[in-house]
Amino acid sequence: MIFNTIWAYLYYMFLFACCGYAILRGARSEYLGATIMIFGSLSTLAVARSFGSSWAKLEVGIFVVDVVALFALIWLSLKSSRFWPLWATAFHLLAVTTHTAMTVAPQITPRALGTGAVFWAYPMLLALAIGSRENKPSLRGCTIRSG
């Protein structure tokens with residue numbers, strides 16, 4: 001099951017910390033990125049709980065969720081003036097590629113495949129958090145007094 005280790009709890013804490021920070025500190029691109037990442041993670045959890053996940057073969061439901069998230073991140077990268085979505089998209093492309101490894105090399109152990117697919121979520125979230133940190137809030141509407 002998804003929540004059978006402390007690592008799963010740590011991941012969801014990290015997810016909500018990074019996405020919460022992005023929502024509080026970021027602009028439109030960060031809001032959309034946080035939404036994509038939250039919905040992708042929660043959809044993966046729902047699919048894994050509904051259909052099971054042994055990582056012994058290509059997990060079609062999880063793969064579909066990841067491909068949809070990849071296309072959403074590609075769209076965000078094309079529409080955003082920010083740089084971090086390119087990094088997040090590249091990291092997520094690596095996660096999607098890891099899924100396809102099972103079809104090419106079925107001898108890959110389930111633990112290695114599962115770890116490889118999940119690993120890339122952390123750099124994605126870091127890219128979002130760093131992008132949110134680098135966001136310069138607009139001074140529109142503020143008055144600056146001299147003297």
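Here is a short Q and A on a predicted model and its helix α1. Local features need pLDDT of at least 70 and side-chain atom pairs 80 or more, while totals for chains, interfaces and linings use all residues. Residues are numbered from 1 along each chain as its sequence is written, and side-chain values use heavy atoms, with hydrogens and water left out.

Q: What makes up the chain in terms of helices and strands?
A: Six helices and zero strands, in the order α-α-α-α-α-α along the sequence. Helices here are DSSP runs of H or I with at least four residues, strands are E runs of at least two, and numbering goes from the N terminus.

Q: How do you know that the span of α1 fits its number of residues?
A: Helix α1 covers residues 6-25, so 20 residues, and reaches 28 Å from first C-alpha to last. The expected span is 1.5 Å times one less than the number of residues, and that also comes to 28 Å, so the two are close.

Q: Which residues of α1 are called buried, and why?
A: Ala8, Tyr11, Tyr12, Leu15, Cys18, Cys19 and Ala22, because each falls under 20% relative accessible area (1.4 Å probe, protein chains only; over 50% is exposed, in between is partly exposed).

Q: Why are these buried residues said to be on the same side of α1?
A: Because they cover an arc of only 135 degrees around the axis, taken from the directions from the helix axis to the C-beta atoms. Their cover includes α2 (28-51) and α6 (121-133).

Q: What sits on the face turned away from that buried side?
A: The exposed residues Ile6, Met13 and Leu24.

Terms used:
Contact = heavy atoms within 4.5 Å.
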